[in-house]
Amino acid sequence: MTMPHYPGGVWLVDFEFHPAHGREGNPPVPVCLVAREVASGRTLRLWQYELAQLTAAPFPTDETALFVAYYAPAEMSCFIALGWPVPANVLDLFIAFRRHTNGKRTPAGNGLLGALAYYGLDALAADEKDEMRNLVLRGGPWDAVEQRAILDYCESDVLALAKLLPAMQGDIDWPRASLQGRYAVAVAQIEANGVPIDTDTLAALKTGWQGIQHKLIAAVDADYGVYDGITFKLERFERYLAANRIAWPRTPTGRLDTEDNTFKDMARIHPQLSPLRELRGALSQMRLSALAVGDDGRNRCMLSMYRSKTGRNQPSNTKFIFGPSVWLRGLIQPQPGYGLAYVDWSQQEFGIAAALSGDTAMMTAYASGDPYLAFAKQAGAVPHDATKHSHKAARDQFKACVLAVQYGMGAESLAYRINQPVARARELLDLHRRTYRRFWQWSDGVLHQALLGGRLWTTYGWQLFTDDTPNGRSLCNFPMQANGAEMLRLACIQLIGDGVRICAPVHDAVLIEAPLTELDAVVAHTQSVMRKASAAVLDGFMLESDAKVVRAPERYMDERGERMWNMVMDQLGLTTRKVGDG
Amino acid sequence: MSENTNTLIPGFDLDSLRLPQNFGEALGVKRLITRVPVRKPLKTEFFRVHAGETWRFQTMILELKEEGETFLLAPPVWDVVPELLRPAMLHTAIDRRNNVFLIPVPLPGPDGRRNPWHQSLAEVVAEAENKWVRSVANKHVGGYDMLVAEKDLPEPEWPDMTFQELVQIAFRERLIQSADHPVVTQLLGRS
């Protein structure tokens with residue numbers, strides 16, 4: 001399909017901006033704008049004082065016109081900072097490029113320069129670009145020569161868009177491009193909202209972190225006995241595992257696998273290991289200074305939409321509060337008079353798999369509200385009147401089996417998870433195959449499509465090309481992950497449109513904020529929109545959601561990080577900031 | 001469970017934008033059966049037997065127990081090593097993972113008498129036409145114990161193939177059509 005006709009013009013736009021006061025985490029301060037209309041070549045160059053005088057963009061942004069940018073949330077964040085109405089039609093060539101090359105090699109990366117290089121087009125040299133970007137980030141005042149240079153640099157990116165758009169036209173999914181552009185607008189608004197942070201505790205943590213590390217290791221290690229000073233000792237860990245009868249994955253050489261992802265998986269199965277994993281992460285990776293918190297105490301960072309292969313956001317682990325150190329989420333605290341709610345779809349992957357495969361038994365299990373117990377019943381392993389209390393052990397095993405299928409685990413890994421012989425794990429996996437035959441047929445079809453057809457796609461057009469070294473497990477899981485991402489995008493677009501203050505999208509969830517007086521109603525509305533978003537992706541099949549509500553002055557906490565948070569607060573002498581039973 | 005999704009995100013007809021997720025259907029990939037074992041049921045497997053005359057076949061077979069191999073003999077070579085051949089009924093069976101195999105059930109000898117083990121196996125096979133069963137040898141009674149699945153398990157998914165096709169696959173490399181076949185010449189001490 002070719003580009004639709006836009007009587008109001010096709011406008012190629014780029015802003016230069018820097019964070020307020022040069023501080024990461026602050027909203028952007030627009031420095032200049034260059035906009036060029038494709039057909040006429042008419043070009044607008046406006047410096048920041050001219051922008052400040054406008055109440056709307058100096059070009060049409062209604063339904064008649066198309067706004068084109070590369071990574072549009074950046075431009076939209078300037079619109080928001082200037083208080084301008086956002087464009088009705090946004091074409092983000094970054095999204096289009098990622099979509100067109102997802103799974104393929106892009107030798108020069110996914111940025112504007114990378115896209116130009118991919119299409120064999122000339123571009124500004126990367127070092128020249130860095131130099132000009134640094135000049136912008138330095139902040140004002142800029143003299144007349146610098147102003148002209150910055151405007152010229154800004155215009156060079158617009159001219160790059162003018163070359164890129166015709167080159168990419170045939171590769172753009174025009175029917176869905178505008179919907180994807182809407183998400184870019186929503187992302188900008190979410191980034192502008194940010195996550196409220198308890199900055200007093202953050203400051204105490206930054207100041208005291210070095211000083212408490214030894215005490216913290218001693219406090220956490222009291223339950224494990226695996227540290228020697230600040231060194232994690234493998235042989236001691238081996239003894240701990242043996243004493244606690246925990247089967248642990250090993251590397252091909254027979255050594256205990258201590259990769260963080262292994263710790264993460266094992267901590268899910270054995271929650272008592274969470275503080276140890278958190279401690280290891282905190283000692284090795286945590287950089288408190290990198291957390292991007294603005295002057296107003298809100299964590300803001302680039303959400304990096306569509307960065308992952310599944311199309312999910314991929315924000316920086318160190319800049320984003322929802323990075324891997326889950327205990328740090330205790331820093332999230334609503335402002336006085338406000339509340340937060342973490343709303344996530346219930347068993348999203350299971351529900352998506354059920355609906356997309358059309359497996360009626362699986363759909364019935366999802367609709368029961370407890371798919372794990374329903375699976376056990378459907379497989380004939382527990383009586384029909386069983387409950388999660390009366391048959392907890394069986395339910396746990398069937399739950400582990402469902403998750404194992406979702407992660408593409410084999411019988412051995414599942415056996416680790418459930419602490420059972422491999423034969424039992426094999427039996428459970430067989431039961432899954434027998435109970436959900438339709439799902440497995442469809443899943444085989446996913447793999448065949450990827451291997452024979454060369455690509456997979458989602459309901460709303462995100463796609464993945466099969467590379468030279470296909471990973472069957474990832475390919476089979478793509479429809480669940482990537483359609484989950486579609487669902488989240490639709491929900492974010494609608495919620496932002498409805499005026500719901502989304503602080504952050506997190507995998508299969510949104511963190512929202514509202515005044516305490518409105519919180520319950522906003523949560524209910526959010527859940528209703530999330531239900532509709534799931535139905536839009538799954539052809540009418542609706543997924544339910546769970547909401548975890550936090551009211552000021554409570555703080556948010558992920559239960560996996562609770563113990564670690566409380567230990568750190570103890571060490572800092574901030575015992576009133578502990579959470580839960582403390 | 002269904003809902004008009006068009007109420008979400010005004011200005012977009014989401015239903016018309018949705019792409020199908022019926023992966024693999026258009027590609028027409030199907031499982032090709034390349035191997036059909038000829039064997040007795042394992043004591044650890046539940047299995048079913050395809051009912052009907054067209055799914056069984058009476059013939060002469062040659063079993064080499066040491067090699068664990070069963071050969072099918074064409075009528076012209078039935079008289080070559082008669083003492084080693086046995087008449088058998090080949091039944092089409094399937095396990096719970098939809099793996100197809102053929103069960104040879106020896107038939108009564110010329111005197112009409114039948115080994116009790118063979119009789120017992122025939123009874124198991126007959127029962128398996130309607131139920132998922134498992135058989136375990138019981139030396140004390142000289143026959144097979146038959147365990148029948150009590151639960152209402154789903155019917156097996158038989159492959160889209162004819163019995164003749166299955167037999168051809170099963171005996172592709174184990175069909176003896178002449179006395180020159182290496183197995184026959186070895187048995188006759190000619191090679």
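## Exercises on a predicted two-chain model

In this predicted model, 30 residues of chain A are in contact with 20 residues of chain B.

**Exercise 1.** Work out which helix gives the most to the side of chain A that touches chain B.

*Solution.* Start with the helices that each supply at least two residues: H7 (174-193), H18 (437-453), H19 and H20 (519-537) of chain A. Now pick the top one: H18(A), with eight residues. Then sort this side of chain A by class, and you get 16 nonpolar, nine polar and five charged residues.

**Exercise 2.** Find the helix with the largest share of the largest nonpolar core.

*Solution.* First, get to know the core: it has 175 residues, and A:Val68, A:Leu93 and A:Cys492 are among those with the most contacts inside it. The largest share, 14 residues, comes from helix H19 (residues 472-497) of chain A. Apart from this core lies another one of 29 residues, including B:Leu62 and B:Phe171. Finally, zoom in on A:Cys492: setting aside residues up to four places away in sequence, its contacts include A:Tyr183, A:Ile190 and A:Pro505.

**Exercise 3.** Trace the open sheet of five strands in chain A and name its edge strands.

*Solution.* Read off the order, S3-S2-S1-S4-S5, with mixed pairing. Strands S3 (43-47) and S5 (90-92) of chain A each pair on one side only, making them the edges. Next, look at S2 (residues 28-37) and S3 of chain A: they run antiparallel, joined by five bridges. One pair to spot is A:Val34 with its bridge partner A:Arg45 in S3(A). Last, add helix H2 (residues 72-82) of chain A, which packs on the sheet and makes about 115° with the direction of S2(A).

Definitions and conventions. Residues are numbered from 1 along each chain as its sequence is written. Chains are lettered from A and ligands numbered from 1 in the order in which they are written. This is a predicted model: local features need pLDDT of at least 70, side-chain atom pairs count only at pLDDT 80 or more; totals for chains, interfaces and linings use all residues. A nonpolar core is a set of buried Ala, Val, Leu, Ile, Met, Phe, Trp, Tyr and Cys residues joined through C-beta atoms within 7 Å. A residue is buried if 20 or more other C-beta atoms lie within 10 Å of its own, exposed if 12 or fewer, and partly exposed in between; C-beta atoms are placed from the backbone. Helices (H or I, at least four residues) and strands (E, at least two) are DSSP runs, numbered from the N terminus. Two residues are in contact if their C-beta atoms, placed from the backbone, lie within 7 Å. Ala, Val, Leu, Ile, Met, Phe, Trp, Tyr, Cys and Pro count as nonpolar, Asp, Glu, Lys and Arg as charged, and the others, Gly among them, as polar. Two strands pair if DSSP finds at least two bridges between them. Axes are lines fitted to C-alpha atoms, for helices over the stretch in contact, and angles run from 0 to 180 degrees between N-to-C directions.
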